[in-house]
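Reader: I should like to learn how surface exposure, burial and patches are read from a model. Please take the features one at a time.

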Amino acid sequence: MENLSILTHLDYTLMIVAIGAALLGAVSGALGSYAVLRRQSLLGDAISHAALPGIAIAFLLTGSKTPLILVLGAAIAGWLGTLLILSIVRLTRIKYDSALGIVLSTFFGFGLVLHTLIQRTGNANQAGLDTFLFGQAATLLERDVLTIGILGGIALTVMLIFWKELKLLVFDEGFAASIGFPIRTLDILLTSLLVVAIVLGLQAVGAVLMSAMLVAPAVAARQWTDRLRLMVFLAACFGALAGVSGTIISSTASRIPTGPTIVLCATVVVGFSIVFAPNRGLVWDRIRQQRNRRNLKMETSRY
Amino acid sequence: MQAAEQKAIQVTDLTVAYQDKPVLWDIDLDVPPGVLLAIVGPNGAGKTTLIKAVLGLVRPAAGNVLIYDKPYDAQRRIVGYVPQRGSVDWDFPTNVLDVVMMGRYGALGWIRRPGKKERELAMQALEKVGMEAYTTRQISQLSGGQQQRVFLARALVQDATVYLMDEPFQGVDATTERAIVTLLQELRADGKTVVVVHHDLQTVTDYFDWVMLLNIRRIASGPVDEIFTSDNLRETYGGRVAFMK
């Protein structure tokens, strides 16, 4: 009767939390598809880590824990981190992966120092900032879910409006530039959408593991389809699925951080997809190999 | 101005440098309308960079490019571009028809999606390159030659007057090579100007009527029978080429 007891826990609060997690899973899954196809999976990691000091600074400046203010701080810091990475690559001879590593660890370290300082001040208000490290979906309130819904909805709408342009940017940047699309602007647009998806997920999933919400659903979705439209849709579904199941598991058991739980749920989806998906899956591959070998044997034994 | 004097492409004093190393040095090039021009030179000669500079994809340190007397920005509707096949990830989740329709994106402009008209144009272009049977084929399942034909079809639906192609013969099978040559000659017969980065010295005289010899500097350019001489080639390749005329 374990199941029943979980079901009775599906009260109003949990429903709110689950809706929030589903929304942010869908938004980050859909937008993460572009990051994965551009081979920028690690950019999400850098953005989410770079967002951390933004939260602390926003809190220090305003003394408020209003999610919108903290999210705004996170977004600005994440954005600055990304710009810094792109500028380092453009202006110096340092390569992309090194720039990523430098910015990620510097911003994250700075964020940790600020958080420690805030905790030392013994400000009664400071409790709760920790949730941004590993995520605590249980802290999601109705207004947070509304924020996720509205900002996430805007991000997805922008993605749909510029569908053709973003697809061309990801597939063939040089050609896009040759026919007159401003690829730097489109690049900034796409990165901004990723920043939105990431900062929305910080409270529930945490800075440390947020990038998995971008990468895992997209990687799983790519296994099942060869069409971009379907891939983005499936990634959104997988993200929502991982979000909801991870949230429910972490909310019912006591004090399990949500981020790791969601990521483990997403990993199950990825693992299943890598093994069992048709065409690209390992099982399918093995079957095809054996069939080929058998056919070849039959062909050759005739002679 | 006399029509005979008009240039399809006019490059003046073009210099491009990456960091402090010059890749192209003081290039002048006049391409008259209706010629099939091969850009030939050793690795690192700046062939791809020259094409990208004409397309405004790399910023020159100095110099000027005109397409039919106007800067590229004003003329991009009449220029078609075939990038190197290896410049994109062919595992991208899309099919042949979709890639070819991308050639219409410039004419469509922002936000508008390709529709029935774009689909028809793409089908016609695919027929021209002999790929009409592959419209729904996943692009990761194409051979090198088929990938190249898809890129050519995408340029054809651009319905351009000037075409710039970066190594369209790279790594393609003999059938595709013949098909591409036929296509290039049809384009020229229609009065289009086609500029092709080319690697195979053996076929220059057969396939092209104009040639540019390039090795960071322009060695020579003009009609193949005047320019494609062993002296010029030796100068281009630094005497390392055993010539075979």
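Reader: Is B:Gly238 buried or exposed?

Author: A residue counts as exposed when its relative accessible area is over 50%. In this predicted model, B:Gly238 has 56% relative accessibility and therefore counts as exposed. B:Gly238 lies in the segment after helix H10 (230-237) of chain B.

Reader: Which distance separates the C-alpha atoms of B:Gly238 and B:Pro42?

Author: The two C-alpha atoms are 9.3 Å apart, although B:Gly238 and B:Pro42 are 196 residues apart along the chain.

Reader: Where does A:Ser48 lie, by contrast with a surface position, and is A:Ser48 buried or exposed?

Author: Buried means under 20% relative accessible area. A:Ser48 has 0% relative accessibility, so A:Ser48 counts as buried. Its place is in helix H3 (residues 41-62) of chain A. Leaving aside residues up to four places away in sequence, A:Ser48 touches A:Ile198, A:Leu202, A:Ala207, A:Met210 and A:Ser211.

Reader: Why is helix H1 of chain B described as largely enclosed by the rest of the structure?

Author: The argument applies the burial cut-off, under 20% relative accessible area, to each residue. Helix H1 of chain B (residues 47-54) is largely enclosed because six of its eight residues are buried. The buried residues are B:Lys47, B:Thr49, B:Leu50, B:Ile51, B:Ala53 and B:Val54. Just after H1(B), B:Gly56 has a positive phi of about 75 degrees.

Reader: Which residues form the nonpolar patch on the surface?

Author: A residue joins a patch only with over 30% relative accessible area. The nonpolar patch consists of A:Leu68, A:Leu146, A:Ile150, A:Leu151 and A:Ile154, which together have about 470 Å² of accessible area. Helix H7 (residues 142-161) of chain A supplies the largest share, four residues. A:Leu151 is found in helix H7 of chain A, and A:Leu151 counts as partly exposed because its relative accessible area is 31%.

Reader: How should I understand several patch members coming from one helix?

Author: An α-helix has 3.6 residues a turn, so residues three or four places apart point the same way.

Reader: Which residues gather in the patch of negative charge?

Author: They are B:Asp13, B:Asp26, B:Asp28 and B:Asp30, gathered on the surface. Strand E2 (residues 21-31) of chain B contributes the largest share of the negative patch, three residues. B:Asp28 has its place in strand E2 of chain B, and B:Asp28 counts as partly exposed because its relative accessibility is 30%.

Terms used: Residues are numbered from 1 along each chain as its sequence is written. Chains are lettered from A and ligands numbered from 1 in the order in which they are written. This is a predicted model: local features need pLDDT of at least 70, side-chain atom pairs count only at pLDDT 80 or more; totals for chains, interfaces and linings use all residues. Side-chain values use heavy atoms; hydrogens and water are left out. Patches are made of residues with over 30% relative accessible area and no salt bridge: like charges are joined within 9 Å, nonpolar side chains (Val, Leu, Ile, Met, Phe, Trp, Tyr) within 5 Å. Accessible areas come from the Shrake-Rupley method with a 1.4 Å probe; for residues, only the protein chains shown count as cover. A salt bridge is a side-chain nitrogen of Lys or Arg within 4 Å of a carboxyl oxygen of Asp or Glu. Lys and Arg count as positive and Asp and Glu as negative; His and the chain ends are not counted. The place of a charge is taken as NZ of Lys, CZ of Arg, CG of Asp or CD of Glu. Helices (H or I, at least four residues) and strands (E, at least two) are DSSP runs, numbered from the N terminus. Buried means under 20% relative accessible area, exposed over 50%, partly exposed in between (1.4 Å probe, protein chains only). Contact means heavy atoms within 4.5 Å.
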